[in-house]
Amino acid sequence: MDAASIFSRQNFDYIVVGGGTTGLALASLLSTNKNIHVGVIEVGERKDDDLVLVPGMIGRVLGNPEYDWGFLTKPQVNAKDRQIPINRGKVLGGTSALNYMAYCRGSRIEFDDWEKLGIKGWDWETMRRVVNASEAWTPPSDHAKQHNADCVTQHHGRGGHVKTTAYSYYYDLVLPFFDTMNKLGVATNYSEASGDLIGIWTYTASIDPETRTRSYSTNAYYDHVSNRPNIVVLTGAQATKVLMGDREGRAPSRALGVEFMKAGGKFAASVRREVIICAGALQTPQLLELSGIGNTELLKHLNIPVKVDLPGVGENFQDHFVVPMGAELKGRHITVDDLSSPSFSDKELDHYRATRSGMLSSTLSTLVFIPTSAFISPDVMKSMLTSLDRALLRPAIQNSPYKKWYELQRSWLENDGVAQLEIILFPSYTHEGCTNENARHYTMSVFLQHAWSRGYVHAKSSSILDPPEIDPATLESPGDIDMTMLVEAVKYAFKIMQTGALGDLTANIVEPQPSWSDDKLRDYVRSVVKSALHPIGTASMLPRSANGVVDNNLKVYGTSNLRVADASIFPIHMGTHPQATLYGLAHRAAEIIQESQDNNVSAKL
Ligand SMILES: Cc1cc2nc3c(=O)[nH]c(=O)nc-3n(C[C@H](O)[C@H](O)[C@H](O)COP(=O)(O)OP(=O)(O)OC[C@H]3O[C@@H](n4cnc5c(N)ncnc54)[C@H](O)[C@@H]3O)c2cc1C
């Protein structure tokens, strides 16, 4: 009998849809109770090749349909009608197999403030505990310490699953970048894991310190449980909908099982306890809608029978927006661009295989996080806040179910503990139209951490085979604040490129240029702004009255046994990279399921 038929005949306690970052970790944790039977349905296949495992090869699979869903947004009006790519992992392990491996916690202030949105049980102390439970940290080497790597043991988890440490290879721009930021008043942060993100720091990466390969959901979690008879992972299978029972009166709707496709065949698997959707921020809302859970008007339009009217499904889409800037270096440097020469790249690969060191053992390593006051002058800040506050008085916002979201975002703008801007120096030239091919370059990218633009993701048809419509509403923000902040961020980046040791190494700022007018800079931002590939929010954990989709326990409103656990549940963006929090979410979800059903599910593998 084929794998799909066998899967569909099993009597699962839990079915997890999506064996990605969160889903595969959660399913593995649930399987620690040998009395419960867990099934996972994942579209992708396992791919443990160099393109996934070798850190210095990051980015090479983006756009490759064997690894990447390759989603495109709908044309973005404020970004010159461009369709902006949003890459997502289409392999076992999901996007944890593709990401750039920064393993960063969120901020204490931000998690503690989630309570202001009506969310309980997700404060910093809780999140710190669960993220630490996921982490198996190894202190950095002396070489990494010389590059300011975090070596404060007390903030890290040692007994968890995802192997983390600092990289072993550092480009020669790293220390000059620290010198420059320190000269601009940005202090070195020696413990990014403390809950205080502000400063310049060398990040901890999800990398195995022995083999110098990627540690991700598949090898960190699943490989420890894959020989257990009570967990079954079906790859190459796509869930088409959750089968929801009919409601009796006002009783919640019950998930009965999952319908899926594999190799052209259609199957269904039934579930005794719960279905947990972990298909990621772009596909979880689509699957909810195809299952009859969403905005009634939209479902009727798609001819999908309505099971639960939940207008928040697919709404509240948020992302980090990024604007790259290019510069040419003085003199000779080794940069990532050198790897585009096949002979150089082959030599590096041999060196990596023999020694587990060198360029391919690492990626970029340094991040900067700063609050608004660090990059926006008091005058600009005053006029920006005046425009914003005027726009926030509009009835559409005052009467919005997301009013508390707007209030929280507003308060963070004047909180010096909240990072509004991230800056990354990438030792490579990522623009088109490089002017001097013999020179070496770097790209400085500015990332808006708390963008005000909020869009949506919705099913376009009743078929899972049609990709969802994705509209991040790029640069559509009250008082045009996202554009103002990005232009100020670009101007601040010019200062970085011209100050201290990095300034001394910079021969020429290629594009954009410091002499450009604000109008020309705005035009540049519209031409190049893109997704930082951190979409969240489309099945938000919020009160139902605030357009929430799941409650504090990740349960979908109006259902008795359907939960969501992935990036779509974050109600407001965090000023950092999300994967560490997502592994923490998997542990928190396992605890919640244990508490709610007394399953004796241990959070240890
Ligand atoms: C290039 C890139 C670099 C990044 N770098 C970093 C970084 O350095 N640090 C960081 O913290 N974050 C980074 N991120 C973001 C981070 O990796 C993601 O936010 C995170 O992995 C998302 O996890 P998830 O569990 O929400 O979804 P995913 O990991 O995407 O899992 C969803 C899974 O569901 C599967 N699926 C979808 N629909 C169905 C269906 N109908 N049936 C069955 N299966 C389905 C998908 O195939 C996928 O495996 C990066 C992202 C990208 C793309």
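Helices (H or I, at least four residues) and strands (E, at least two) are here DSSP runs, numbered from the N terminus. The exercises below concern a predicted model.

**Exercise 1.** Place asparagine 148 between its neighbouring elements, and establish whether asparagine 148 is buried or exposed.

*Solution.* Step one is the position in the chain: asparagine 148 belongs to the loop that joins helix H6 (142-146) to S6, a strand that spans residues 162-166. Step two is the backbone, where asparagine 148 has a positive phi of about 70 degrees although it is not a glycine. Step three is the accessibility: buried means under 20% relative accessible area, and asparagine 148, at 12%, is therefore buried. A positive phi, of about 60 degrees, is also found at aspartate 81, again not a glycine, and this residue sits in the loop between strand S3 (71-72) and strand S4 (85-86).

**Exercise 2.** Describe how helix H2 and helix H19 pack, and at what angle, then state which residues make the contact.

*Solution.* Begin with the geometry: helix H2 (residues 21-30) and helix H19 (residues 579-597) meet at an angle of about 40 degrees, and their axes are 8 Å apart. The crossing of H2 over H19 is right-handed. Next come the residues: H2 contributes Thr21, Thr22, Ala25, Leu26, Leu29 and Leu30, while H19 contributes Leu582, Tyr583, Leu585, Ala586, His587, Ala589, Ala590 and Ile593. Sorted by class, the contact of H2 with H19 holds eleven nonpolar residues, three polar ones and no charged ones. As a background to the spacing, an α-helix has 3.6 residues a turn, so residues three or four places apart point the same way.

**Exercise 3.** Find out how many residues the largest nonpolar core has, and which residues leucine 26 is in contact with.

*Solution.* The largest nonpolar core has 181 residues, and those with the most contacts inside it are Leu26, Phe177, Leu288, Ile423 and Met444. Its largest share, twelve residues, is supplied by helix H16 (residues 481-497). Leucine 26, once its neighbours within four places in sequence are set aside, is in contact with Ile276, Cys278, Ala565, Ala586, Ala589, Ala590 and Ile593. There is also a second, separate core of eight residues, which includes Met57, Tyr171, Tyr352 and Leu360.

**Exercise 4.** Identify the buried residues of helix H5 and the elements against which they pack.

*Solution.* In helix H5 (residues 124-134), the buried residues are Trp124, Thr126, Met127, Val130, Val131, Asn132 and Ser134. These pack against helix H4 (108-113), strand S5 (135-137), strand S6 (162-166) and H19. At the start of H5, a side-chain oxygen of aspartate 123 comes to within 3.2 Å of the backbone nitrogen of glutamate 125.

**Exercise 5.** Work out where histidine 450 is found and what surrounds its side chain.

*Solution.* Histidine 450 occupies the loop between strand S18 (441-448) and strand S19 (456-458), and it counts as buried because its relative accessible area is 2%. A polar atom of its side chain lies 3.2 Å from the backbone oxygen of histidine 573. Leaving aside neighbours within four places in sequence, the residues in contact with histidine 450 include Glu110, Gln409, Trp412, His573 and Met574.

**Exercise 6.** Determine how far methionine 325 and threonine 443 are apart in sequence and in space.

*Solution.* Methionine 325 is part of strand S15 (residues 321-329) and is buried, with 0% relative accessibility. Methionine 325 and threonine 443 are separated by 118 residues in sequence, yet in space they are 5.5 Å apart, C-alpha to C-alpha.

Methods:
Residues numbered from 1 in each chain as written. Predicted model: local features only at pLDDT ≥ 70, side-chain atom pairs only at ≥ 80, totals over all residues. Heavy atoms only, no water. Axes fitted to C-alpha atoms, helices over the stretch in contact; angles between N-to-C directions. Left-handed = near helix turned anticlockwise from the far one by under 90°. Contact = heavy atoms within 4.5 Å. Nonpolar A, V, L, I, M, F, W, Y, C, P; charged D, E, K, R; others polar. Buried < 20%, exposed > 50% of the residue type's maximum accessible area, 1.4 Å probe, protein only. Polar contact = N/O pair within 3.5 Å; in protein donor to acceptor, adjacent residues only side chain to side chain. Core = buried A, V, L, I, M, F, W, Y, C linked by side-chain atoms within 4.5 Å.
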